[in-house]
Amino acid sequence: MKIFEFIINGTPVSQQARRREKLRAWKATVRQEVEKYWPLEEQPATGLVMLKVTYFYDSIAMDVDNIVKPIQDAIIGLVYVDDDQITDVLVRKRNLSGNFRIDNITPILAEGLARGNEFLHIVVTDAPDQEVIV
């Protein structure tokens, strides 16, 4: 796996959601969106991977630590075999009305920003060198 990225419209659902059906629906939405971007002939990654999640919000943002687990679970068996392959996770949030600069913007991220509403930008890549901690 080199790099795989996708976007999901809307506000994420927390792993801590009281209404479990809402969490299940969110995971199903994540999976459906991934299937739109994942090539049909592509097999899930079998090596170690890194997950980067950026939540672009426009009002009140949820805690970043509650965003990632449902996403990790939703793409098991499609992007990677199991979430125990994830060695590194970067989760961040940015206010769409705030000031930020994006270096080396990708077409998929540009597509998300052009929509003008809350969304998540998710990138899965090969894990960094496991013998180096920067």
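The accessible surface of the protein chain comes to about 8000 Å², and 49% of that surface belongs to carbon and sulfur atoms. Areas come from the Shrake-Rupley method with a 1.4 Å probe, and for residues only the protein chains shown count as cover. This is a predicted model, in which local features need pLDDT of at least 70, side-chain atom pairs count only at pLDDT 80 or more, and totals for chains, interfaces and linings use all residues. Residues are numbered from 1 along each chain as its sequence is written, and side-chain values use heavy atoms, with hydrogens and water left out.

**Overall build**

The protein chain has three helices and four strands. From the N terminus, the order is β-α-β-α-β-α-β. The radius of gyration is 15 Å, close to the 14 Å that the globule rule gives for 134 residues, so the chain is as compact as a globular protein of that length. Helices (H or I, at least four residues) and strands (E, at least two) are DSSP runs, numbered from the N terminus. The radius is taken over C-alpha atoms, and the rule is 2.2 Å times the number of residues to the power 0.38.

Buried residues make up 37% of the 134 residues. Buried means under 20% relative accessible area, exposed over 50%, and partly exposed in between (1.4 Å probe, protein chains only). Among contacts (heavy atoms within 4.5 Å) between residues at least 6 apart in sequence, 81% join residues at least 24 apart.

**Strand β3**

Val 91 lies in strand β3, residues 86–95. Beyond its neighbours within four places in sequence, Val 91 contacts Val 53, Val 64, Ile 67 and Val 68. The C-alpha atoms of Val 91 and Asp 65 are separated by 7.4 Å, with their positions 26 residues apart along the chain.

**Helix α3 and its flanks**

In α3, Ile 108, Leu 109 and Gly 112 are buried. Seen down the helix axis, the buried residues of α3 fall within an arc of 100°, so they line one face. The arc is that of the directions from the axis to the C-beta atoms. The face turned away from the buried side carries the exposed residues Pro 107 and Ala 114. The cover over the buried residues of α3 includes β1, α1, β2 and β4.

Most residues other than glycine have a negative phi. Two residues with positive phi flank this helix:

| Residue | Place | Phi |
|---|---|---|
| Asn 104 | loop between β3 and α3 | about 55° |
| Gly 116 | just after α3 | about 80° |

Asn 104 is not a glycine. At 75% relative accessibility, Asn 104 counts as exposed.
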